[in-house]
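Here is a friendly walk through one structure, with salt bridges, a helix and the core as the stops. Keep the viewer open as you read.

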Amino acid sequence: MSTLLARTGRQRQRYVDQFRLVAGCIPYKLDKNVEDQGCIVEDRVLILMISTPNRNDLVFPKGGWEDDETIEEAACREALEEAGVKGIIGENTLGVWDFRSKSSQNSCSSAGSCRGYMFALQVTEELDRWPGQASYNRKWLTVNEAFECCRYDWMRDALKHFLLLF
């Protein structure tokens with residue numbers, strides 16, 4: 001098996017109007033232990049979130065969109081690198097959100113501004129080993145738990161758009 005390596009650096013990253021373009025996804029799977037009949041979607045869907053280095057919160061996998069890939073490829077790459085999952089990506093974005101990177105949340109400058117494109121990703125494979133394994137832990141959550149873990153408004157909004165798919 002070949003060793004998977006995460007991309008590093010920002011020399012290939014895309015920027016538009018001082019926004020770093022970011023691609024990410026909401027990885028999910030349907031809980032097979034829940035009966036299909038009469039069950040609301042929030043009880044059947046499990047959402048994958050990941051821990052972030054040097055922080056205690058959970059986020060969705062996301063990162064820079066590079067100049068040699070489509071936005072969908074970038075979202076899938078980030079899911080693989082950070083969460084160790086592969087899957088089927090949604091045909092359309094869940095939406096586009098402007099936000100500040102966590103390192104510049106309290107800064108007044110435009111540095112650290114991101115424009116994030118989020119997708120749904122139906123997980124078909126969970127890897128035992130992945131590039132970001134030493135930095136990120138993954139955790140499957142119910143929809144309600146995922147809402148509680150969303151630190152930022154844009155994450156909750158993306159999750160609301162995700163639920164509209166069902």
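## Charged pairs

D153 is exposed, because its relative accessible area is 60%. In this predicted model, the side chain of D153 meets that of R156 in a salt bridge, at 2.4 Å from N to O. R156 is partly exposed, with a relative accessible area of 26%. Both residues belong to helix α4 and sit 3 residues apart, about one turn of the helix. Elsewhere, salt bridges with shared partners join E69, R77, E78 and E81 into one network.

The whole structure holds 10 salt bridges. One of them pairs E126 with K29 at 3.4 Å, N to O. This pair links distant parts of the chain, since E126 is in strand β8 and K29 in strand β2, 97 residues apart. Both ends have some access to the surface: E126 is partly exposed at 35% relative accessible area, and K29 is partly exposed at 26%. D98 and R115 also meet in a salt bridge, at 2.8 Å from N to O. D98 lies in strand β7 and R115 in strand β8, so this bridge ties together parts 17 residues apart in sequence. Is each partner buried or partly exposed? D98 counts as partly exposed, at 44% relative accessibility, while R115 is buried, at 19%; the cut-off for buried is under 20%.

## Helix α2

Helix α2 covers residues 71-83, and its geometry can be checked with a little arithmetic. At 1.5 Å a residue, its 13 residues should span 18 Å, and the end C-alpha atoms are 18 Å apart, so the two agree. Just after the helix comes G84, with a positive phi near 70 degrees.

How many of the 13 residues of α2 are buried? The count is 10, so the helix is mostly covered. Among them are I71, A74 and L80, but also the charged-pair residues R77, E78 and E81. The buried residues of α2 pack against strands β2, β3, β5, β6, β8 and β9.

## The nonpolar core

In soluble globular proteins, nonpolar side chains tend to be buried together. Here the largest nonpolar core has 42 residues, of which I26, I47, M49, F60 and F162 touch the most other members. Elements giving two or more residues to this core include β2, β3, β8, α2 and α4.

I47 makes a good starting point in the viewer. Leaving out residues up to four places away in sequence, I47 touches I26, P27, Y28, F60, K139, W140, L141, V143, A146, L159 and F162. One of these partners, L159, is in helix α4 and counts as buried, because its relative accessibility is 0%. Beyond its sequence neighbours, L159 is in contact with I26, I47, F60, V143, A146, F147 and C150. L159 also lies 10.0 Å from C25, C-alpha to C-alpha, although 134 residues separate the two in sequence.

## Surface and overall layout

On the surface, L30, L165 and F166 form a nonpolar patch with about 270 Å² of accessible area together. L30 is found in strand β2 and counts as partly exposed, at 30% relative accessibility.

Stepping back, the chain has 4 helices and 9 strands, and 43% of its 166 residues count as buried. Of the contacts with a separation of 6 or more, 70% come from residues 24 or more positions apart. The chain exposes about 9,500 Å², with carbon and sulfur atoms supplying 46% of it.

Terms used. Residues numbered from 1 in each chain as written. Predicted model: local features only at pLDDT ≥ 70, side-chain atom pairs only at ≥ 80, totals over all residues. Heavy atoms only, no water. Patch = residues over 30% accessible without salt bridge, like charges linked within 9 Å, V, L, I, M, F, W, Y side chains within 5 Å. Areas by Shrake-Rupley, 256 points an atom, 1.4 Å probe, with all protein chains shown as cover. Salt bridge = Lys/Arg side-chain N within 4 Å of Asp/Glu carboxyl O. Buried < 20%, exposed > 50% of the residue type's maximum accessible area, 1.4 Å probe, protein only. Expected span 1.5 Å × (residues − 1). Contact = heavy atoms within 4.5 Å. Core = buried A, V, L, I, M, F, W, Y, C linked by side-chain atoms within 4.5 Å.
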